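Colleague: I should be grateful for a close look at one part of this model. Please begin with the surface as a whole.

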Amino acid sequence: MMLGTSYYTKAPVTKEIASRFPATVELAIIAIILAAIFGIIIGVVSSVKKNSIFDNGGMLLSLVGVSVPIFWLGIMLIILFSGILHWLPSSGRIDPSLRPDTVTGFMIIDSIIQGDTVALKDAVVHMVLPAVTLSLYSMAIIARMTRSSMLETLNQDYIRTARAKGISEGKVTRKHALRNAMLPVTTVIGLQLGSLLGGAVLTESVYAWPGIGNYTVQCIMKSDFPVVQGVVLLIAVIFVLMNLIVDVIHAFLDRVLSLRRRRCNRHAEKTTGTDNRGGTGKTGIPNPRDVGHPEKEQSSSGRPCSDSVFPIFSCYGRLAGSL
């Protein structure tokens with residue numbers, strides 16, 4: 001697709017954007033991985049240790065993450081880790097003398113392909129500060145969503161049933177609660193990735209990262225409008241595609257979960273001898289084993305499984321009467 005020619009370099013806009021887009025993609029992927037890992041961990045710990053010092057500390061960190069300006073955070077990290085401690089470089093993507101031959105456009109992958117460990121180490125070191133700076137806001141959003149979803153899931157009936165059956169708290173949290181709470185978190189992660197792929201303008205500008213965000217700022221300063229229009233169009237397409245992908249994933253998961261829910265209901269009906277007519281069998285007579293046992297009456301009520309992310313786990317409540 002032709003987007004015109006750059007006023008400044010006289011090169012096609014598509015070529016200019018294509019040469020810088022891999023840098024933005026690499027930074028965005030590393031940042032969203034960091035944000036997802038630490039955000040989910042903080043959210044899970046905060047929900048399990050509700051109203052404790054861990055919960056307060058995690059939510060305070062989330063508040064800082066959504067409140068601190070990215071450019072200020074980037075400058076502070078540069079002063080600390082580059083200016084004072086001299087641990088990490090302050091700008092750039094890799095040392096020019098170590099730059100590997102371009103294969104994919106991703107410095108880390110190209111270094112691995114060519115077996116250049118020195119270039120790989122230098123690329124990773126240059127990646128640390130920009131990735132941490134870029135991931136903080138997304139991590140805060142993911143942590144809040146994970147905590148909210150986990151608190152809702154931990155109050156479900158099948159979680160209480162799993163605990164009553166003697167399953168360890170760690171297994172309940174990890175295998176039952178977290179799996180059911182991940183769907184809204186997955187949606188947030190997808191949308192945040194789309195935002196990062198659109199170009200981290202402030203982060204790339206602070207760290208002189210050679211991506212489309214920094215390039216857009218330079219083109220605006222030079223009044224290179226064809227490039228600016230091309231980047232804006234690319235960002236719009238990325239947002240549309242990411243929203244489409246998230247919707248498709250939702251539709252796929254809903255289909256899978258619907259099938260699991262039907263199988264779960266059929267299995268529970270066969271096990272308890274009930275159907276969906278209010279806790280009775282084909283004759284309409286209540287199960288004698290359940291009379292006088294409210295918890296078994298509830299488990300044999302024939303209600304469909306809960307609309308959790310992985311509803312098969314909610315079958316515990318219905319299967320408990322047969323144990």
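How many Å² does the accessible surface of the protein come to, and what percentage of it belongs to carbon and sulfur atoms? Thereafter, please examine helix 3 (residues 70-84) and the nonpolar patch to which it contributes.

Modeller: The model is a predicted one. The accessible surface of the protein comes to about 17100 Å², and carbon and sulfur atoms hold 66% of that area. The secondary structure consists of 12 helices and 0 strands, and buried residues amount to 43% of the 323 residues. Among contacts with a separation of 6 or more, 69% link residues that lie 24 or more positions apart.

Against this background, helix 3 may be considered first by its length. Its 15 residues should span 21 Å at 1.5 Å a residue, and the end C-alpha atoms lie 20 Å apart, so the two values agree.

The surface side of the helix comes next. A nonpolar patch is formed on the surface by Phe 71, Trp 72, Ile 75, Met 76, Ile 79, Leu 80, Ile 84, Leu 85, Trp 87 and Leu 202, which together have about 960 Å² of accessible area. Helix 3 supplies the largest share of this patch, namely 7 residues. Leu 202, by contrast, belongs to helix 8 (residues 201-206). Leu 202 counts as partly exposed because its relative accessibility is 45%, a value that falls between the 20% limit for buried and the 50% limit for exposed.

The buried side of helix 3 is made up of Leu 73, Gly 74, Leu 77, Ile 78 and Ser 82. The numbering of the two sets may be read with the geometry of a helix in mind. An α-helix has 3.6 residues a turn, so residues three or four places apart point the same way. On the buried side, Leu 73 and Leu 77 are among the residues to compare in this light; on the patch side, Ile 75 and Ile 79 are among them. The cover over the buried residues of helix 3 includes helix 5 (117-154) and helix 8. Helix 8 therefore appears twice in this account: it contains Leu 202, which counts as partly exposed at 45% relative accessibility, and it is part of what covers the buried residues of helix 3.

One backbone feature remains. Just after helix 3, His 86 adopts a positive phi of about 55 degrees. In the numbering, His 86 stands between two members of the patch, Leu 85 and Trp 87.

Technical notes
Residues are numbered from 1 along each chain as its sequence is written. This is a predicted model: local features need pLDDT of at least 70, side-chain atom pairs count only at pLDDT 80 or more; totals for chains, interfaces and linings use all residues. Side-chain values use heavy atoms; hydrogens and water are left out. Patches are made of residues with over 30% relative accessible area and no salt bridge: like charges are joined within 9 Å, nonpolar side chains (Val, Leu, Ile, Met, Phe, Trp, Tyr) within 5 Å. Accessible areas come from the Shrake-Rupley method with a 1.4 Å probe; for residues, only the protein chains shown count as cover. A salt bridge is a side-chain nitrogen of Lys or Arg within 4 Å of a carboxyl oxygen of Asp or Glu. Helices (H or I, at least four residues) and strands (E, at least two) are DSSP runs, numbered from the N terminus. Buried means under 20% relative accessible area, exposed over 50%, partly exposed in between (1.4 Å probe, protein chains only). Contact means heavy atoms within 4.5 Å. The expected span of a helix is 1.5 Å times one less than its number of residues.
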